[in-house]
Amino acid sequence: MAGPVDSYAVMGNPIAHSKSPVIHTLFADQTGQNLRYTANRVETGGFQKAVEDFFKNGDLGLSITVPFKEEAWQLAEKRTSRAEKAGAVNTLWQDEQGQLHGDNTDGLGLVADLKENNGVPIKGARILILGAGGAVRGVLEPILAEQPAELVIANRTLSKAETLVELFPGMPISSSSFETIEGRFDLIINGTAASLQGALPPVPEPIVDQNTCCYDMMYGSEETVFNRWCREQGAAKTIDGLGMLVEQAAEQFAIWRGVRPETGKVLDLLRRDIT
Ligand code: ATR
């Protein structure tokens, strides 16, 4: 039996600083949807039970964050093709038959933030992605669906970049080590975890010029180390991942509620909040 109020949550660990409750509550207010959205910290090893209990209780949808996106992928009985390729699920919901569905909205969020919020074209662009972990794998299919001219994945551990490239046979995607990155790029996306350590991925200096747009999937109260470096190299534009966070949430909201909220004001509010 569903409870009196439609109920949603984000599950992860840690979860205390999650912005998802604020974002989804703002979306609900804006679209006149009556729902509750909470943040649930789940212990390692307790994820499957937490998900089962959540839906048994009649609650309707989950956002999944670190470190449970791969486990959510395993649990989902039906997955969208982009989630299939991502190997990770950040959105769960049940259909009328009680089947658990999984999607991954991270890539859609990145694409929407680039195109809609920042006017950065992807079609025909030469794109370099730094990193080959879960965060990068999660966004590849939606980026390729926008038909870039070329997508190069560069990673410290080359074999991991090669493995990602193999997921997309026949597509304009290739792998590189950091040292051997060559040519110029319209768009460089940092998807490494280096920013978390305040470090810069060791990329050769000449890859950024005055026509390059740089995007860090991370964000913070201060400019990220990567974006600062790109700006100092003369990049045309630098963007952090806050917009991606809001846009991927909007895609989740659309899946659950059938209406895609306006993101601009929510992003402005969050931006004011973190700085
Ligand atoms: P996530 O889910 O955030 O992607 P992950 O799967 O652990 O986390 O992947 C982290 C990514 O950041 C990897 O591409 C990693 O490079 P390796 O595959 O060589 O480990 C990259 N990374 C982490 N710290 C880095 C650093 N200091 N410099 C460059 N790359 C780094």
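These exercises, with worked solutions, explore a predicted model.

**Exercise 1. The two domains**

Find which residues make up domain 1 and domain 2, and state how far apart their centres are.

*Solution.*
Step 1. Start with the domain assignment of the chain. It gives residues 6-104 to domain 1 and residues 107-242 to domain 2.
Step 2. Take the centres over C-alpha atoms. The centres of domain 1 and domain 2 are separated by 27 Å.
Step 3. Look at who takes part in the contact. Domain 1 supplies 8 residues and domain 2 supplies 10 residues.

**Exercise 2. The interface**

Describe the interface of domain 1 and domain 2: how much area is buried, and which kinds of polar link cross it?

*Solution.*
Step 1. Begin with area. The size of an interface is often given as the accessible area lost when the parts come together.
Step 2. Apply that here. Domain 1 and domain 2 bury about 750 Å² between them. Carbon and sulfur atoms hold 54% of this area.
Step 3. Sort the side of domain 1 that touches domain 2 by class. It has 1 nonpolar, 3 polar and 4 charged residues.
Step 4. Check for salt bridges. The rule finds 0 across the interface of domain 1 and domain 2.
Step 5. Check for polar contacts. Here the rule finds 4 residue pairs across the interface, with both residues of a pair at pLDDT 80 or more.

**Exercise 3. The sheet**

Give the strand order of the 6-stranded open sheet, and explain why β2 and β4 have a side without a neighbour.

*Solution.*
Step 1. Read across the sheet. The order is β2-β1-β3-β5-β6-β4, and the pairing is mixed.
Step 2. Go to the edges. β2 (35-41) and β4 (78-79) stand there. Each has a single partner strand, so one side of each is left without a neighbour in the sheet.
Step 3. Pick one pair inside the order. Strand β1 (residues 6-12) and strand β3 (residues 61-64) run parallel, joined by 4 bridges.
Step 4. Locate one bridge. V10 has S63 in β3 as its bridge partner.

**Exercise 4. Unusual backbone angles**

Where do P14, P67 and Q147 lie, and what marks the backbone at each place?

*Solution.*
Step 1. Recall the background. Most residues other than glycine have a negative phi, and most peptide bonds are trans.
Step 2. Take P14. This residue is in the loop between β1 and α1 (20-31). The bond joining N13 and P14 is cis, with omega about 5 degrees.
Step 3. Take P67, in the loop between β3 and α3 (69-75). A cis peptide bond joins V66 and P67, and its omega is about 5 degrees.
Step 4. Take Q147. It sits in the loop between α7 (140-145) and β8 (150-154). Q147 is not a glycine, yet its phi is positive, about 60 degrees.

**Exercise 5. Contacts of N211**

Which residues does N211 contact, leaving aside its neighbours within four places in sequence?

*Solution.*
Step 1. Place N211. It lies in the loop between β10 (187-190) and β11 (213-216).
Step 2. List the contacts, with heavy atoms within 4.5 Å as the cut-off. N211 touches R184, D186 and A236.
Step 3. Compare chain and space. N211 and K237 are 26 residues apart along the chain, and 8.3 Å separates their C-alpha atoms.

Note on methods. Residues numbered from 1 in each chain as written. Predicted model: local features only at pLDDT ≥ 70, side-chain atom pairs only at ≥ 80, totals over all residues. Heavy atoms only, no water. Domains from an automatic or database assignment. Buried area = accessible area lost by both parts, 1.4 Å probe. Salt bridge = Lys/Arg side-chain N within 4 Å of Asp/Glu carboxyl O. Polar contact = N/O pair within 3.5 Å; in protein donor to acceptor, adjacent residues only side chain to side chain. Nonpolar A, V, L, I, M, F, W, Y, C, P; charged D, E, K, R; others polar. Pairing = 2+ DSSP bridges. Helix = DSSP H or I, 4+ residues; strand = E, 2+ residues; numbered from the N terminus.
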